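Let's take a friendly walk through this predicted model. Have the sequence and the 3D view open as you read.

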There are 2 protein chains.
Amino acid sequence: MPSFLDTVRWNADGLVPAIAQEAGSGRVLTLAWMNRESLERTAASGEAHYWSRSRRKLWRKGESSGHVQRVREIRLDCDDDAILLVVEQVGGIACHTGRERCFHKRLDDGAWRDADPVLRDPKEIYGDD
Amino acid sequence: MPSFLDTVRWNADGLVPAIAQEAGSGRVLTLAWMNRESLERTAASGEAHYWSRSRRKLWRKGESSGHVQRVREIRLDCDDDAILLVVEQVGGIACHTGRERCFHKRLDDGAWRDADPVLRDPKEIYGDD
């Protein structure tokens, strides 16, 4: 029986981009990447799993910070090559910099300006090492 | 003088993923791709420009449908490899299928189901040919 995983058009590296959007606020938190296994685990567990391209490993969002994403809805786009997760962001912080979301630089008069406050020191979130 | 375009971490194909989010509703409309020129033109014109990977050309969103995206805000994420556009979607239809947004398939009990209505016949939007 074909799986919902077969519908997705994985790229040459076996990945698709996945947007996480906060259910309550509608805030776009992150763009991360998923492979087949991370989408499968996300669907099965109800918690967002991604593929870390830098560490080259499966990554349960919040596994070290505790800031997991509880998934309310998984959507696929019209040409089957992008995912949208509607999530509850536990702890209110999605970004490893200690901000609510990763999209914190705003283009303003030809330069990127930091537009969002740091809510928590990353050292506090991840420890010092 | 370095340009804001130099901050962006373009991938091996010279592209970054760009999310379009509707300003009023917070709805995530599309995930498309930008090259350097499309980001430059988006910033200069205030209208969303992308790179069409299938047609291999610069593409002003709405150039054939009239459904342009007026850009209110351009954001970059913490590791400089994803863009978020906050837009007004003229005509209320972002998807070439005639739906409000591209993310119209929802995972439901192990299968993708069409969750959003078609608001306008694509033939009406683009013509028959």
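## A sheet shared by two chains

Six strands form an open sheet with mixed pairing, in the order β8(A)-β7(A)-β5(B)-β6(B)-β1(B)-β2(B). The edges are held by β8 (111–114) of chain A and β2 (28–34) of chain B; each has a single partner strand, so one side of each is left without a neighbour in the sheet. From one strand to the next, the twist averages 35°.

Within the chain B part, β1 (residues 16–22) and β6 (residues 83–89) run parallel and pair over five bridges. If you would like a landmark there, look for B:Q21, which stands opposite B:V86 in β6(B).

Pairing across the chains can be followed at β5 (residues 69–76) of chain A, which joins β7(B) in the antiparallel sense over two bridges. Here A:L76 has B:K105 in β7(B) as its bridge partner.

## A helix across the sheet

Now turn to helix α2 (residues 36–45) of chain B. This helix lies across strands of both chains: β7 (105–108) of chain A, together with β2, β5 (69–76) and β6 of chain B. Relative to β5(B), α2 of chain B runs at about 120°.

## Where the chains meet

How many residues of chain B are in contact with chain A? There are 28, and they touch 28 residues of chain A. On the chain B side, the elements that give two or more residues are α1 (4–7), β1, β2, β5, β7 (105–108) and β8 (111–114). The most comes from β5(B), with four residues. By character, the residues on this side of chain B divide into 17 nonpolar, six polar and five charged.

Why can we say that the copies meet through the same surface? Of the interface residues of chain B, 100% are also interface residues in chain A, so the two copies use the same surface to meet.

## How the copies are related

A turn of 180° with a shift of 0.0 Å along the axis lays chain B on chain A, with an RMSD of 0.0 Å. The two copies are therefore related as by a two-fold rotation axis. To find that axis in the view, start from B:G26: of the residues of chain B, its C-alpha comes closest to the axis, at 2.7 Å.

## The fold of one chain

Chain A has three helices and eight strands. Read from the N terminus on, its elements follow the pattern α-β-β-α-β-β-β-β-β-β-α. The radius of gyration of chain A is 15 Å, close to the 14 Å that the globule rule gives for 129 residues, so this chain is as compact as a globular protein of that length.

Along its principal axes, the C-alpha trace of chain A spans about 50 × 35 × 30 Å. Of the 129 residues in chain A, 37% are buried. Among contacts in chain A with a separation of 6 or more, 41% are between residues 24 or more positions apart.

## A closer look at B:T97

One loop residue makes a good last stop. B:T97 is found between β6 and β7 of chain B. With 19 other C-beta atoms within 10 Å, B:T97 is partly exposed.

Which residues does B:T97 contact, leaving aside its neighbours within four places in sequence? They are A:C78, B:V118 and B:P122. B:T97 and B:D121 are 24 residues apart in sequence, while their C-alpha atoms are 7.5 Å apart in space.

Methods: Residues numbered from 1 in each chain as written. Chains lettered and ligands numbered in written order. Predicted model: local features only at pLDDT ≥ 70, side-chain atom pairs only at ≥ 80, totals over all residues. Pairing = 2+ DSSP bridges. Axes fitted to C-alpha atoms, helices over the stretch in contact; angles between N-to-C directions. Contact = placed C-beta atoms within 7 Å. Nonpolar A, V, L, I, M, F, W, Y, C, P; charged D, E, K, R; others polar. Least-squares fit on C-alpha atoms with pLDDT ≥ 70 in both. Rg over C-alpha atoms; globule rule 2.2 N^0.38 Å. Buried ≥ 20, exposed ≤ 12 C-beta atoms within 10 Å, placed from the backbone.
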